Amino acid sequence: MTDQVEATLAYAEQFHQEDELLHAARQRGLEMGATPILPGAGAALCFLATAVNAKAVVEIGTGCGVSGLWLLRGMRADGTLTSVDVEPEHQRLARQAFAEAGFSGARVRLISGRALDVLPRLSDGGYDMVFADGAKQEYADYLAEAVRLLRVGGIVAFDNMLWHNRVADPAQRDPDTVALRELGKLVQSDERLRSVLMPLGDGLLAAVKVSA
């Protein structure tokens, strides 16, 4: 049964193939040590951005542009992606990836800095989607900021919610794994949110803000 489950998960992941632009951005990310989102979860981000007709999206953790490409492809043609990262060199490579994909500089606002310093400066209720792929132990704080930033009907999504199969194993008690488990509980218990955990990539948790 385990082999069948693994084969099914692999099939779901491989269902979404990266084109040359995404592949190139992925390779640059791996070379820089900025592990990109996997294709299945990236495709889910594109789907979610399309589903909410996203015009304004916040990304926490630019990396070298893989997740940003997926988000931009799902957003409206007049949409703007605001992406925050502490590594300027990663953002330089992300900007290169966006330009190679044909997205103008006006479509992307890259902000260098700690997410928890930048997010409080963004407008309440001004965003359609927030995607987090930053410091795992800050995920709970990202959630609080995301709920404030999102309009009703907007979506927040978190990457790495299965964390290399560690989250499902109660024996794993390292700080990052514990933080991810706690984030799941926070999302589930928040009456303002309706959530789903998708076993794509390394696990993608998404939630719709249903009330203010």
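User: In this predicted model, which residues of helix 4 are buried?

Analyst: Val-66, Ser-67, Gly-68, Leu-69, Trp-70, Leu-71, Leu-72 and Gly-74 are the buried ones in helix 4.

User: What makes them "buried"?

Analyst: The cut-off is under 20% relative accessible area. In helix 4, 8 of its 9 residues are buried, so each of those falls under that cut-off and the helix counts as mostly covered.

User: Why is helix 3 called roughly parallel to helix 4?

Analyst: The axes of helix 3 (residues 39-51) and helix 4 cross at roughly 30° and come within 7 Å. Angles under 35 degrees count as roughly parallel, so helix 3 gets that label relative to helix 4. As for handedness, helix 3 passes helix 4 in a right-handed crossing.

User: Back to helix 4: which pocket does it help line?

Analyst: The largest pocket; helix 4 (66-74) and strand 2 (80-85) are the elements that give two or more residues to its lining. That pocket holds about 620 Å³ of space. It has 33 lining residues, with Thr-35, Gly-61, Asp-133, Gly-134 and Lys-136 nearest its centre.

User: What makes a residue such as Gly-61 or Lys-136 part of the lining?

Analyst: Lining residues have an atom within 4 Å of a pocket point, so Gly-61 and Lys-136, being among the lining residues, meet that cut-off.

User: How does the lining of the largest pocket divide by class?

Analyst: Into 13 nonpolar, 12 polar and 8 charged residues. Gly counts as polar and Lys as charged.

User: What about the second largest pocket?

Analyst: About 300 Å³ of space lies there. Its lining has 8 nonpolar, 3 polar and 2 charged residues.

Terms used: Residues are numbered from 1 along each chain as its sequence is written. This is a predicted model: local features need pLDDT of at least 70, side-chain atom pairs count only at pLDDT 80 or more; totals for chains, interfaces and linings use all residues. Side-chain values use heavy atoms; hydrogens and water are left out. On a 1 Å grid over the protein atoms alone, a cavity is a set of points where a 1.4 Å probe fits but cannot get out, and a pocket is an open set with protein on both sides within 12 Å along at least five of seven lines; lining residues have an atom within 4 Å of a point. Grid points are joined across faces, edges and corners, and a volume is the space filled by probe spheres set on the points. Helices (H or I, at least four residues) and strands (E, at least two) are DSSP runs, numbered from the N terminus. Buried means under 20% relative accessible area, exposed over 50%, partly exposed in between (1.4 Å probe, protein chains only). Axes are lines fitted to C-alpha atoms, for helices over the stretch in contact, and angles run from 0 to 180 degrees between N-to-C directions. Angles under 35 degrees count as roughly parallel, over 145 as roughly antiparallel, 65 to 115 as roughly perpendicular and the rest as oblique. A crossing is left-handed if the near helix is turned anticlockwise from the far one by less than a right angle, and right-handed if clockwise.
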